[in-house]
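Visitor: Could you take me closely through one part of this structure, the nonpolar patch on its surface, and then set that part in the context of the rest of the chain?

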Amino acid sequence: GEIPGLDVDRLFSDAQRADIVKTASGAAAEASASGIRGTPTFLVKIGDQAPYFVQFGSIDEMRATLDDALSG
């Protein structure tokens with residue numbers, strides 16, 4: 001309730017809508033099928049290579065990995 005502009009009642013109401021539940025369930029199933037077990041999870045893709053999972057021990061490691069990916 002402390003986020004400016006957030007309608008908490010609508011958030012909870014919309015979260016129960018069938019189309020939202022279907023989309024969220026589909027995303028969860030797709031993530032699970034891809035080997036993603038929780039959040040945060042990062043898949044990094046560099047150039048034409050296949051994406052790969054990465055875990056970071058620090059923000060500096062995260063920044064370095066993402067910089068490498070962005071530089072292609």
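Guide: For the patch discussed here, a residue qualifies if it has over 30% relative accessible area and no salt bridge, and nonpolar side chains are joined within 5 Å. In this predicted model, Ile3, Leu6, Leu11 and Phe12 make a nonpolar surface patch of about 410 Å². One of these residues, isoleucine 3, lies in the segment before helix 1, which runs over 8–14. Because exposed means over 50% relative accessible area, isoleucine 3, with its value of 55%, counts as exposed.

Threonine 65, which is found in helix 3 (residues 59–71), offers a buried case: its relative accessibility is 18%, and the cut-off for buried is under 20%. Leaving aside neighbours within four places in sequence, threonine 65 is in contact with Val44, Tyr52, Val54 and Phe56.

Turning to helix 2, its 16 residues (residues 18–33) should span 22 Å at 1.5 Å a residue, and since the end C-alpha atoms are 22 Å apart, the model agrees with that expectation. After helix 2 comes glycine 35, whose phi is positive, near 95°.

As to how far such details may be trusted, the mean pLDDT of the chain is 85, with 97% of its residues at 70 or more. Confidence in the chain is highest in helix 1, at 94, and lowest in strand 1 (residues 42–44), at a mean of 80. Where pLDDT is low, predicted coordinates should not be read in detail.

Methods
Residues numbered from 1 in each chain as written. Heavy atoms only, no water. Patch = residues over 30% accessible without salt bridge, like charges linked within 9 Å, V, L, I, M, F, W, Y side chains within 5 Å. Areas by Shrake-Rupley, 256 points an atom, 1.4 Å probe, with all protein chains shown as cover. Salt bridge = Lys/Arg side-chain N within 4 Å of Asp/Glu carboxyl O. Helix = DSSP H or I, 4+ residues; strand = E, 2+ residues; numbered from the N terminus. Buried < 20%, exposed > 50% of the residue type's maximum accessible area, 1.4 Å probe, protein only. Contact = heavy atoms within 4.5 Å. pLDDT = per-residue confidence, 0-100. Expected span 1.5 Å × (residues − 1).
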